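Subject: Structure for you to look at

Hello,

Please find the structure below, together with its sequence. Have a look at it first, then read the notes underneath.

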Amino acid sequence: MRVISSLNIDVEAFVSNSYTKASFLSRYEYNIHPLNDTSEWPHVEGLHTILPPLRRRLPGMPCVKRKRDRAERELNGHTKHIMSRADIPLRCTICHQTGRNKATCNDPFPVC
Ligand SMILES: [Zn+2]
């Protein structure tokens, strides 16, 4: 612009017509009428519905579903019958002695 001005040429001759006021007003000449809801949208054949992306839990975020108490699960009928192994004594599968298992067995000569 400085060079153009120094040559005594009109600077506005180098500006695109899209930046003029007339062009701006012509773009907003017509109104866009809002629709009340999606039922007024025109139906287009051949286009499939774009579904929203699947929701996934991001790392570090808590679970969405609440963990129910055992009493609540029993009331709803969703009960898993889990037997505790707390009352079963340990028994080694190598020497068949109680009180230890195969991993903690130190019997070098097991009786088979
Ligand atoms: Zn053993």
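The notes below go through what was found, one topic at a time.

This is a predicted model, in which local features need pLDDT of at least 70 and side-chain atom pairs count only at pLDDT 80 or more, while totals for chains, interfaces and linings use all residues. Residues are numbered from 1 along each chain as its sequence is written, and side-chain values use heavy atoms, with hydrogens and water left out.

The zinc site

Three sulfur atoms coordinate the zinc ion: SG of Cys 92, SG of Cys 95 and SG of Cys 105, at 2.2 to 2.3 Å. Donors here are N, O and S atoms within 2.8 Å of the metal (3.2 Å for Na, K and Ca); water is not among the atoms, so sites may look incomplete. Along the chain, the donors of the zinc ion are spaced as C-x2-C-x9-C. Cys 92 is buried, at 1% relative accessibility, and Cys 95 is buried too, at 7%. For these labels, buried means under 20% relative accessible area, exposed means over 50%, and partly exposed lies in between (1.4 Å probe, protein chains only).

Salt bridges

How many salt bridges does a search of the whole structure find? There are three, each being a side-chain nitrogen of Lys or Arg within 4 Å of a carboxyl oxygen of Asp or Glu. Glu 72 takes part in a salt bridge with Arg 66 at 3.3 Å, N to O, and in another with Arg 68, where the closest N and O atoms are 3.9 Å apart. Arg 66, Arg 68 and Glu 72 are thus linked in a network. Of these residues, Arg 66 is exposed, at 51%, Arg 68 is partly exposed, at 41%, and Glu 72 is partly exposed, at 27%.

Glu 74 and Arg 70 also form a salt bridge, at 3.2 Å from N to O. Both residues lie in helix α3, four residues apart, which is about one turn of the helix. Helices (H or I, at least four residues) are DSSP runs, numbered from the N terminus.

The aromatic pair

The whole structure has one aromatic pair. The ring centres of Phe 24 and Tyr 28 are 5.2 Å apart and the planes are at 55°, so the pair is tilted. Rings of Phe, Tyr and Trp (its six-membered ring) pair if their centres lie within 6.5 Å; planes under 30 degrees apart count as stacked, over 60 as edge-to-face and the rest as tilted. Phe 24 is partly exposed, at 44%, whereas Tyr 28 is exposed, at 59%.

Ser 23

Ser 23 is in helix α2 and is buried, at 18% relative accessibility. Leaving out residues up to four places away in sequence, Ser 23 touches Asn 17 and Ser 18, where a contact means heavy atoms within 4.5 Å.

Positive phi angles

Most residues other than glycine have a negative phi. Asn 8 has a positive phi near 60°; this residue sits in the loop between α1 (2–6) and α2 (21–27) and is exposed, at 74%. His 96, also not a glycine, has a positive phi of about 60°. His 96 is in the segment after α3 (70–76) and is partly exposed, at 48%.

Regards

Technical notes:
Helices (H or I, at least four residues) and strands (E, at least two) are DSSP runs, numbered from the N terminus.
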